[in-house]
Every structure is written in C-alpha cells, then in structure tokens.
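Got the model open in your viewer? Here is a short walk through it, one selection at a time.

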Amino acid sequence: MPELIVGLGLRPGTSADRIVVVVRKVLAFNEVSCLATIDRRAAEPGLLDAAAILGVPIRTFTAAELAEVAVPNPDSRTVAAVGTASVAEAAAILAAGGGDLVVPKRTVHGVVIAAARRISD
C-alpha cells in the first residue's frame, strides 16, 4: 500500500489519542509517512505526541502557502478562522509535493483529516 501524507485541521488542545484514533479510523492499515497542518498548530502537544506515536515527522505551512492550493472542498468558515479555505486538504497536497488527494477532507471526532499520495520520483 502506498504511504500517505495526512493533512490535519485541529483545534488547540486536541489530544494525541484523538488524533491517532482518527488517523487509524480513516486510513485503516495504510502506512502514514507524514502529518501536515498549518504552522500555528506546530507546537500543539497533541500533534507532537501523535507524530511520535505514529513515528512520523510533521510538516507545517503558512496560511498563505495553504491558500495557494486548489482544493475540492474549500470552506469559508476556515477562511474566517485561519485565513485559508483549506488546512487538511491543502497541507496534505503540499506535503506530498503536489500529489493526488486520495482521501478528501472529513471531520471525525472534531479533527479534520485528508490524505494525499506523494508524487512518485
């Protein structure tokens, strides 16, 4: 199975357990190679701990970088909250080097998740 890049949108204080449960619920047994999100969540303890549990790095992007990515499910509430129409989908696509979105965004237990497949070399 291909490695997936997981884009996440989450609220401050989201626990590592919640993030890991959501990743495993949505992606089942697919291998995850990276978590990606907006830069303002980079120091969130839950995100840092989830990445450690999953054994993957975290990539972060600014709202301006995320806003440049065309996504299938933009959200005006996200624009109002963080200045970009997408966090999870855009972060997954960017971290995958412009790869294909294979799991469009969905919200599970308050965590927004999307996944992309890295472009092959």
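Helices and strands here are DSSP runs, numbered from the N terminus, with at least four residues for a helix and at least two for a strand. Keep in mind that this is a predicted model.

**Stop 1: the largest pocket.** Start by selecting G9, L10, R11, T78 and V112, which of the lining residues lie nearest the centre of the largest pocket. The full lining runs to 23 residues, and the pocket has a volume of about 550 Å³. Now colour β1 (4-9), β2 (32-38), α4 (76-82) and β4 (100-108): each of them supplies at least two residues of that lining. Which of these gives the most? It's α4, with 4 residues. If you colour the lining by residue class, you should get 10 nonpolar, 7 polar and 6 charged residues.

**Stop 2: D75.** Next, go to the loop between α3 (63-67) and α4 and pick D75. Is D75 buried or exposed? Its relative accessibility is 15%, and buried means under 20%, so D75 counts as buried. Show its side chain and the backbone of R77: a polar atom of the D75 side chain lies 2.7 Å from the backbone nitrogen of R77. Then look for partners further off in sequence; leaving out residues up to four places away, D75 touches A85 and K105.

**Stop 3: E3.** Move to the segment before β1 and select E3. What lies across from it in space, though 115 residues apart in sequence? That would be R118, with the two C-alpha atoms 7.5 Å apart. Setting aside neighbours within four places in sequence, E3 is in contact with E31, S33, A116, R117 and R118. With a relative accessible area of 37%, E3 is partly exposed, as that class falls between 20% and 50%.

**Stop 4: two positive phi values.** Before the last two selections, a reminder: most residues other than glycine have a negative phi. Now select A28, in the loop between α1 (16-27) and β2. Its phi is near 50°, a positive value in a residue other than glycine. A28 counts as partly exposed, at 47% relative accessibility.

Finish in the loop between β4 and β5 (111-117), where you'll find H109. What is the phi of H109 near? Here too the value is positive, near 50°, in a residue other than glycine. H109 has a relative accessible area of 45%, so it is partly exposed.

Methods. Residues numbered from 1 in each chain as written. Predicted model: local features only at pLDDT ≥ 70, side-chain atom pairs only at ≥ 80, totals over all residues. Heavy atoms only, no water. 1 Å grid on protein atoms, 1.4 Å probe; cavity = no way out; pocket = protein on both sides within 12 Å on 5 of 7 lines; lining within 4 Å. Points joined across faces, edges and corners; volume = space filled by probe spheres on them. Nonpolar A, V, L, I, M, F, W, Y, C, P; charged D, E, K, R; others polar. Buried < 20%, exposed > 50% of the residue type's maximum accessible area, 1.4 Å probe, protein only. Polar contact = N/O pair within 3.5 Å; in protein donor to acceptor, adjacent residues only side chain to side chain. Contact = heavy atoms within 4.5 Å.
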